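Hi everyone, thanks for making time this morning. I'd like to walk you through one model, starting at the ligand and then moving to a few backbone details.

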Amino acid sequence: MENRKPWWILVGGRQRLGRFLAERWAPERNLVLTSSRPWEGEADWLGAMSRTTEVRTLCWNAEDPCLVTRMAADMAALAEEGISFGNALVASSTFPMASLGSWTPESLEATWRMNLSFPFLVAQALAPRMTEGGCLQFLLDTAIHRPWLKRLPYSAAKSGLASLVPGLAQVLAPRVRVVGHAIGVVMADEGSDPAFLASRSLLKRLGVPEDLDRAIRYAADSPYLTGEIMTLDGGRRWV
Ligand SMILES: NC(=O)c1ccc[n+]([C@@H]2O[C@H](COP(=O)([O-])OP(=O)(O)OC[C@H]3O[C@@H](n4cnc5c(N)ncnc54)[C@H](OP(=O)(O)O)[C@@H]3O)[C@@H](O)[C@H]2O)c1
């Protein structure tokens with residue numbers, strides 16, 4: 001039988017939240033996944049996924065000087081196959097920690113490039129390949145409300161991205177919708193203290209990736225929603 005599933009793209013779909021979401025979405029959607037590195041060593045889970053779904057993998061690295069040309073070529077190749085996207089999620093990021101006084105122009109540049117320039121360039125590349133009414137979604141951080149003090153450049157980059165959400169929504173309307181998710185901890189980093197993080201929220205718990213999945217599906221399925229940032233942080237911003 002012909003596969004008529006919609007295509008979704010997940011930028012940063014190889015590990016952690018990206019992989020979790022890819023595996024959740026695969027039964028109902030065809031997927032394009034990107035990583036900053038060649039996809040060697042991932043055959044097991046990609047193979048399992050491609051038994052039920054069509055999967056394409058791309059290599060998009062924020063540090064690649066040819067990134068814009070590469071993304072354009074990949075989009076053109078997908079267009080040749082007739083692939084366009086009903087939903088796109090930009091999940092890639094880095095989360096560098098350093099105290100004030102130790103940042104250098106290079107480390108700042110790298111933080112802006114990964115967390116702000118890269119998502120913007122991705123949006124530029126994806127917008128023409130979104131279907132009518134499709135949704136372009138960004139993963140932000142509850143740090144847009146209360147910055148992580150040891151991660152100020154990351155927090156500032158996410159705030160910059162937050163201001164792009166209504167801006168892109170206006171530029172791309174009415175064809176494409178744009179939504180951001182300001183999330184609290186839904187998958188803790190190694191070495192973090194989950195009990196402490198949970199105590200810093202109204203609901204006294206961490207989030208789980210399923211919470212995020214639900215919010216992304218809600219945005220994808222809400223044709224009257226655009227230009228909004230949804231905060232999903234168990235009330236961390238109010239503590
Ligand atoms: N985890 C949480 O609880 C949490 C909380 C708040 C916000 N967020 C946001 O949610 C998103 C996903 O978070 P996460 O914790 O799953 O992931 P993450 O570890 O912060 O990074 C996501 C992906 O970024 C990609 N990446 C790293 N360097 C790159 C580069 N040079 N070029 C292109 N891509 C690069 C990596 O994929 P590859 O190695 O495959 O390239 C990585 O899987 C992020 O935007 C994060 O800020 C997460």
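**Around the ligand, and along the backbone**

Please keep in mind that this is a predicted model. The shell around the ligand is made of eleven nonpolar, nine polar and five charged residues. Which residues come nearest? Out of the 25 around the ligand, those are Arg16, Leu17, Ser35, Ser36 and Ser93. Helix 1 and strand 5, which covers 130–141, are the elements that give two or more residues to this shell. Helix 1 supplies the largest share, with three residues.

Let's stay with Arg16 for a moment. Arg16 belongs to helix 1, which runs over residues 16–25. Its phi is near 50°, a positive value in a residue that is not glycine. Is Arg16 buried or exposed? Arg16 counts as exposed, because it has 12 C-beta neighbours inside 10 Å, and the cut-off for exposed is 12 or fewer.

Now on to Lys204, where phi is near 55°, again positive in a residue other than glycine. You'll find Lys204 in the loop that links helix 6 (194–199) to helix 7 (209–220). Lys204 has 12 C-beta neighbours inside 10 Å, so this residue counts as exposed.

One last stop, for those of you who like peptide bonds. Where is the cis bond? It joins Ala173 and Pro174, with omega about 0°. Pro174 sits in the loop between helix 5 (152–172) and strand 6 (177–183).

That's my tour, and I'm happy to go back to any of these spots on the screen.

Terms used. Residues are numbered from 1 along each chain as its sequence is written. This is a predicted model: local features need pLDDT of at least 70, side-chain atom pairs count only at pLDDT 80 or more; totals for chains, interfaces and linings use all residues. Helices (H or I, at least four residues) and strands (E, at least two) are DSSP runs, numbered from the N terminus. A residue is buried if 20 or more other C-beta atoms lie within 10 Å of its own, exposed if 12 or fewer, and partly exposed in between; C-beta atoms are placed from the backbone. A residue is near a molecule or strand if its C-beta atom, placed from the backbone, lies within 6 Å of it. Ala, Val, Leu, Ile, Met, Phe, Trp, Tyr, Cys and Pro count as nonpolar, Asp, Glu, Lys and Arg as charged, and the others, Gly among them, as polar.
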